[in-house]
Amino acid sequence: MSAERTAPQPLSACDEPLATRYDVALLDLDGVVYVGPDPVPDAPENLRKAAKEGMRIGYITNNASRPAGIVAEHLASFGLDVTAEDVVTSAQAAAKLIASEFPKGSPVLVVGGEGLIVALEEYGLTPVRTSDARPVAVVQGFHPDVNWVMLADGAHAIHEGAKWFATNLDLTIPTAAGKAPGNGTLVQAVRAAVDVDPVVAGKPEPPLLETSIERLEAKRPLMIGDRLDSDIEGANAVGIPSLWVATGVNDAYDLARAPKHQRPTYIAAGLGALAEKQAGVTVSGSKHTSAGWTAEVVNNAVTVKGEGAPYDGLRAILSAVWTAVDAPAEPAKPAKATSRGRRPRPKPAPTAETIALDAALHRIGLDK
Ligand SMILES: [Mg+2]
């Protein structure tokens, strides 16, 4: 693998614009480039600017329902310069996995739609629609037309010995009317009827990002996403840096509570950050400073002082909170009985859930 793999430190500094430091952006789509049919405000303009700086823009999606060419047409409608070659779907990553295990032309049962059929054909496999075709593998990916007959036939083929692949395990998908069941939910329905787990291609599992890094010939890739449990965890899993943006499902509170494996290298309001440097954090005793802000955790609450850009303030706050949460618990002192015979309770160590965040996030303008 030619890409640079360095275990990324969360909240790192970058002393040049991200668009010049990294050669390829691996962009999550929903909540980063678009929300439903519409572009995220300013996202197309910021991506055009990054491309002018020489950054290649790759579009990476866990959603297997649409073929890459259709996704590219959607993105091009925002004025972006995109072809199918710039789009990598979890359906393609799943097809690549299957093609690496089974000979060309092998029949593969599709529990999904057009996105999977096109991807299987791209990798020289033969999509089939019934277990009567004796498939060597079953591949399951989201499509609105997936119905009980397909789920049952998938389970039947798995019983018969076909190997099971899933494009992704996202439990929900965003729709104009709110959250709806996603592929992970439909995978659970099949899982209830079989005795094995599927091999998973999409984020946060490595195959989709590995496929993207290889196809886009990235030497210094930067994963960009809105979800900590798929985009950021996925980047950490393959050892590449990540930029979290605030235009999607997760917010400052989620970041503060993120476990270690879901913490991003960089944070920003949106894709305008590609044209900017990133301040890091300096730590002095219990004080965490990023640009004009200094944060500290005292008595299970985080405080912040200073002024400047909100996401510099958030970086200081996150550094203080994560340091407090990660610190090893103080050894319990031998409890002395009080005069009334009660033993004092040991002071509980701060956890991501117990540290009060509201006042500090209000101070920087990022409270709910
Ligand atoms: Mg997203």
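How many residues of domain 1 are in contact with how many residues of domain 3? In this predicted model, 14 residues of domain 1 touch 12 residues of domain 3, and the C-alpha centres of these two domains lie 25 Å apart. The protein chain as a whole is divided into domain 1 (18-62 + 204-275), domain 2 (91-200) and domain 3 (282-327 + 346-364), and it is convenient to begin with the metal site before turning to the sheets and helices.

The magnesium ion is coordinated by Asp28 (OD), Asp30 (O) and Asp226 (OD), at 2.0 to 2.2 Å, and along the chain these donors follow the spacing D-x1-D-x195-D. Distant parts of the chain are thereby linked, since Asp30 sits in the loop between strand S1 (24-28) and strand S2 (34-35), while Asp226 sits in the loop between strand S13 (221-225) and helix H9 (228-238), 196 residues apart. The two residues can also be described by their accessibility: Asp30 counts as partly exposed because its relative accessibility is 29%, whereas Asp226, with a relative accessible area of 2%, is buried.

Strand S13, which ends just ahead of the loop that holds Asp226, pairs in the parallel sense with S14 over 3 bridges, and within this pairing Gly225 stands opposite Trp244 in S14. Strand S14 (residues 242-245) is covered on both faces, with Ser242 and Trp244 buried on one side and Leu243 and Val245 buried on the other. In a regular strand, the side chains alternate between the two faces of the sheet.

Another part of the structure is an open sheet of 5 strands, in the order S7-S6-S8-S9-S12 and with parallel pairing. Strand S7 (126-128) and strand S12 (199-200) stand at its edges, and each has a single partner strand, so one side of each is left without a neighbour in the sheet. Further in, strand S6 (residues 107-111) and strand S8 (residues 137-140) pair in the parallel sense over 4 bridges, and Val108 stands opposite Ala137 in S8. Helix H6 (residues 148-159) packs on this sheet, where it touches S6, S8 and S9, and its direction makes about 145° with that of S6. Helix H4, for its part, lies across S6, S8, strand S9 (163-166) and S12, running at about 155° to S9.

Helix H4 covers residues 90-101, and Ser90 is found in it. Is Ser90 buried or exposed? Ser90 counts as buried because its relative accessibility is 0%. Leaving aside residues up to four places away in sequence, Ser90 touches Thr61, Asn62, Asn63, Ala64, Thr167, Asn168, Ala201, Gly202 and Leu208. Of these neighbours, Asn62 deserves a separate look: the C-alpha atoms of Ser90 and Asn62 are separated by 4.8 Å, although the two residues are 28 residues apart along the chain. A polar atom of the side chain of Ser90 also lies 2.6 Å from the backbone oxygen of Asn62.

Notes
Residues are numbered from 1 along each chain as its sequence is written. This is a predicted model: local features need pLDDT of at least 70, side-chain atom pairs count only at pLDDT 80 or more; totals for chains, interfaces and linings use all residues. Side-chain values use heavy atoms; hydrogens and water are left out. Helices (H or I, at least four residues) and strands (E, at least two) are DSSP runs, numbered from the N terminus. Buried means under 20% relative accessible area, exposed over 50%, partly exposed in between (1.4 Å probe, protein chains only). Contact means heavy atoms within 4.5 Å. A polar contact is a pair of N or O atoms within 3.5 Å; within protein, one must be able to donate a hydrogen and the other to accept it, and residues adjacent in sequence count only if both atoms are side-chain atoms. Donors are N, O and S atoms within 2.8 Å of the metal (3.2 Å for Na, K and Ca); water is not among the atoms, so sites may look incomplete. Two strands pair if DSSP finds at least two bridges between them. Axes are lines fitted to C-alpha atoms, for helices over the stretch in contact, and angles run from 0 to 180 degrees between N-to-C directions. Domain bounds come from an automatic or database domain assignment.
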